[in-house]
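Student: Could you take me through one part of this protein slowly, and then link that part to a few other places in the chain? I would like to follow each step of the reasoning.

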Amino acid sequence: LFSGRAPHNTRQDAPQGLSHAAMYEPLANASGANEFAYVKKVGVIGAGVAGLQMARALLAYGFEITVFEAAPKVGGVWRENYHSYGVQVPKQLYEFPDFPFDAVKWGDYPTGQETQTYVEAYVDHFKLEPYIKFNTTVLALTERKGQKGYVFDLGESGSEEFDFAIIATGMYSQVPNMPSWAGTKGDFTGEIIHSSQYLDQSAASGKHVVVIGCGKSAIDIVVDASEVAKTSPTLLFRSAHWCTPRLIAGLIPFQYVFLSRFGQALVTWYKGAWPAGAPCIHTVLSYLLFPLMWVAFRIVEFLFKIQRGQWGSYAPKLDVVADFYGYAHVLDTTFLNNWREAKLQGKKGEVKRLVKDGVETESGEVIEADVVICATGWKKTYDYLPTNVRESLNVESDGLYLHRHCIPAKVRDISLAFCGSEMATISNIATYALHAEYICRMLVGTMALPSEAEMSGECDKMRTWKRSWMPETASRASLVLLHQIHYHDQLLRDMGLSPSRKCCLSDLFCPYQPTDYNGIIKQ
């Protein structure tokens, strides 16, 4: 009883211990032919946690592959990032489904360096390095003449041809998004840098520091700078956003609320069912139970306000669920404690211009600064794709809408897919694994795709639903987040796999973790 395909009683085995779960058949092509039989050689762009899992899956299915990585090492955002960066979920929510993160204790939050070491161990374990070309930037893709596929323009490294291209460049690693005023320094004699350039504390040591933004990177950096800055650094933000505490009410790990099927149901009854992915009963209950859920989430907000001190100018305008879909971050208590102890300060306002002594806000206040750190996110670019491919993708102001967040509706014509680079979940490393297997099954023909019209229709439905309540951001098209379980269910049912990965009550009340999807990628 799902709003997607109906379950069948034959086909692939359920996970061990789940013989009670409904069985599913993969989507089938009426003709039985593999539409992608021409694909033998695949080019993957990006060697982060998405591209590496994509490479592992492609190799398991026997494809000839090359992974192109512009940096000298694997890891993507984990290879190098702002000082003090780390994973904002506990390690059991950020590990490869089939390769345990043993170096970090269960429940601990890995640092960036610990995560990078773990990613490198994954490469060694699955012997992926021979298939990766480091220090190699893909400048452009050009469609081949007379056959499907692309010529990858590698600049001084020449070019290579592939039957199919997979983009795995991630959500947060392309072009730094800098405010317009940052390009006009005027009399300002200090430094202006993007958060990705804050690589060590020397950038803030002994200086007056202003950090622009209110997301996780901004908060991490202002906390880090407070240890070495000349005076208490300032966090300057236009709008406050809800900070999800690691322990809700000081007792409940956040993942039990947001990553269990029960918690997913609460969000669904409040904001509506995930299109084509949630059980139909949730659509009905979302109408019947909305008033109750409205009250329940006001209570959640009150608890967050007490825990995080989000009163006055630091009180968010959006409700907690909608805000999570634009500015999600999970934090410990360090930021709040430092603010209360005056080790840092937060101010609501917007920069008007840079002046000699720092930044002037729209209200006329001048905040002294020797260094201004813009934690203002990233911009995505698709300029490396051929013009007609970009037009067929129809990138909009709020992002790129794809079938199942990974397959273009015109994939049969443009021979292109996206692994993880157009999707954001809470436990995204697990989602990347599902994307990798999903794309491989499409390419080998064990799972067929709907028609182009049907895929476009799904994108239209998703676009309408997201725009009806999610805040307008450049990444809205990619956001899955609190509907993660139902989205994963959708991918698994398409592949002919049971979405139930746990037993009995644990399937309802325990958080879904990457290990629950162990065995999905072909061994």
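**Rings, strands and cysteines**

Tutor: In this predicted model, a cluster is built from Phe96, Phe99, Phe101, Tyr118, Tyr122 and Phe126, which are linked to one another through ring pairs. Counted over the model, the aromatic pairs come to 30. One of these is formed by Phe36 and Tyr38, whose ring centres lie 6.3 Å apart and whose planes make an angle of 40°, so that the pair is classed as tilted. The two partners can also be described by their accessibility: Phe36 is buried, because its relative accessibility is 2%, whereas Tyr38 has a relative accessible area of 25% and is therefore partly exposed.

Aromatic side chains also appear in a nonpolar surface patch, where Trp106, Leu251, Ile252 and Tyr256 together make about 470 Å². Of these residues, Tyr256 sits in helix α4, which covers residues 254-258, and Tyr256 counts as partly exposed because its relative accessibility is 34%.

Let us turn next to the strands. Strand β17 (residues 351-355) runs antiparallel to strand β18 (residues 358-361), and four bridges join them. Within this pairing Val351 has Thr361 of β18 as its bridge partner, and the hairpin that connects β17 to β18 passes through two residues. Strand β18 is also joined to strand β19 (residues 366-368), again in an antiparallel arrangement, by three bridges, and here Val359 is matched with Ile367 of β19. The hairpin of β18 and β19 has four residues between the strands, and in this hairpin Gly364 takes a positive phi near 100°. As a general point, the side chains of a regular strand alternate between the two faces of the sheet.

The cysteines call for a step of reasoning. A disulfide is a covalent bond that joins the sulfur atoms of two cysteines. For a pair to be counted here, the two sulfur atoms must lie within 2.5 Å. The closest cysteine sulfur to that of Cys214 belongs to Cys243 and is 6.3 Å away, which is too far for a bond. For Cys504 the closest cysteine sulfur is in Cys503, at 5.7 Å, and this too is too far for a bond. The count of disulfides comes to zero. The surroundings of these cysteines can be set side by side: Cys214 is buried, because its relative accessible area is 6%, while Cys504 counts as exposed because its relative accessibility is 66%.

Notes
Residues numbered from 1 in each chain as written. Predicted model: local features only at pLDDT ≥ 70, side-chain atom pairs only at ≥ 80, totals over all residues. Heavy atoms only, no water. Patch = residues over 30% accessible without salt bridge, like charges linked within 9 Å, V, L, I, M, F, W, Y side chains within 5 Å. Areas by Shrake-Rupley, 256 points an atom, 1.4 Å probe, with all protein chains shown as cover. Salt bridge = Lys/Arg side-chain N within 4 Å of Asp/Glu carboxyl O. Buried < 20%, exposed > 50% of the residue type's maximum accessible area, 1.4 Å probe, protein only. Pairing = 2+ DSSP bridges. Phe/Tyr/Trp six-rings, centres within 6.5 Å; stacked < 30°, edge-to-face > 60°.
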